[in-house]
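Q: Got a minute to walk me through this one? I'm new to it, so please keep it simple.

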Amino acid sequence: MTTIQPPVRSALADGREILFYSMPGNTARPVPDMRPLAARSATAQSEVRRDRQTGDWVAIAALRQDRTYKPPADQCPLCPSPAGDRSEVPAADYDVVVFENRFPSLSHAGDGAPALHTDAREASGIGRCEVICFSSNHTASFADLTQDHARLVVDAWRARTESLMAMDGVEQVF
């Protein structure tokens, strides 16, 4: 496994974690997230319910109804925000950034997360949803990346998978 630089960690206005992974020689320089976002509620979360027909667990996440959907290009929530006032990425530029989804279908994984009881009909939707952005260029595709930059993306996926698998309440990463 290739070793990557530890990410620069920061927090978004509502308390979510954001991590900046950089190519060798680059340094992420996040700025304060100045958006007027309310702090995340410790009680508002998704739930899972057992489908009586199949026995499968199904995530129910009503909070996702307010998520951003097809914004105009000049309001893209994934583009850099040098002033920290208009997107999820409070920085002028980045190589790879990872942040907790603002509208997750599963949330509140970590220390003390309750286990899912197989005989229950419903339970808290414990998990963690993250967004990985591989370039600050709004129109770039993964195929446009250099080999080293693509490798950084894969290494960030691997690092995040390892971190997520270590969290209470997380049994799978996909």
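Q: Is Cys133 buried or exposed?
A: Cys133 is buried, with a relative accessible area of 6%. Buried means under 20% relative accessible area, exposed over 50%, and partly exposed in between, using a 1.4 Å probe and protein chains only. One caveat: this is a predicted model, where local features need pLDDT of at least 70 and side-chain atom pairs count only at pLDDT 80 or more, while totals for chains, interfaces and linings use all residues. Residues are numbered from 1 along each chain as its sequence is written, and side-chain values use heavy atoms, with hydrogens and water left out.

Q: Why is the sulfur of Cys133 not in a bond with the one in Cys76?
A: The two sulfurs are 7.7 Å apart, too far for a bond, and Cys76 has the closest cysteine sulfur to that of Cys133.

Q: How many disulfides does the structure hold, then?
A: Zero, where a disulfide is a pair of cysteine sulfur atoms within 2.5 Å. Cys129 is in none either: its nearest cysteine sulfur, in Cys133, is 15 Å away.

Q: Back to strand 9. Which residues are on its covered face?
A: Val131 and Cys133 are on the covered face of strand 9, and Glu130 and Ile132 are on the uncovered one. Strands here are DSSP runs of E with at least two residues, helices are runs of H or I with at least four, and both are numbered from the N terminus.

Q: Which strand does strand 9 pair with, and in what sense?
A: Strand 5, in the antiparallel sense, over four bridges. Two strands pair if DSSP finds at least two bridges between them. Glu130 in strand 9 is the bridge partner of Glu100.

Q: What polar atom lies 2.7 Å from the backbone oxygen of Glu100?
A: One in the side chain of Arg16. That side chain also makes a polar contact with the side chain of Asp14, at 2.9 Å. A polar contact is a pair of N or O atoms within 3.5 Å; within protein, one must be able to donate a hydrogen and the other to accept it, and residues adjacent in sequence count only if both atoms are side-chain atoms.

Q: Where is Arg16?
A: Arg16 is in the loop between strand 1 (8-11) and strand 2, and is buried at 0% relative accessible area.

Q: New topic: which residues of helix 1 are buried?
A: Among them are His149, Leu152, Val153 and Leu164. What covers the buried residues of helix 1 includes strand 2 (17-21), strand 5 (96-100) and strand 9 (130-133).

How values were computed:
Contact = heavy atoms within 4.5 Å.
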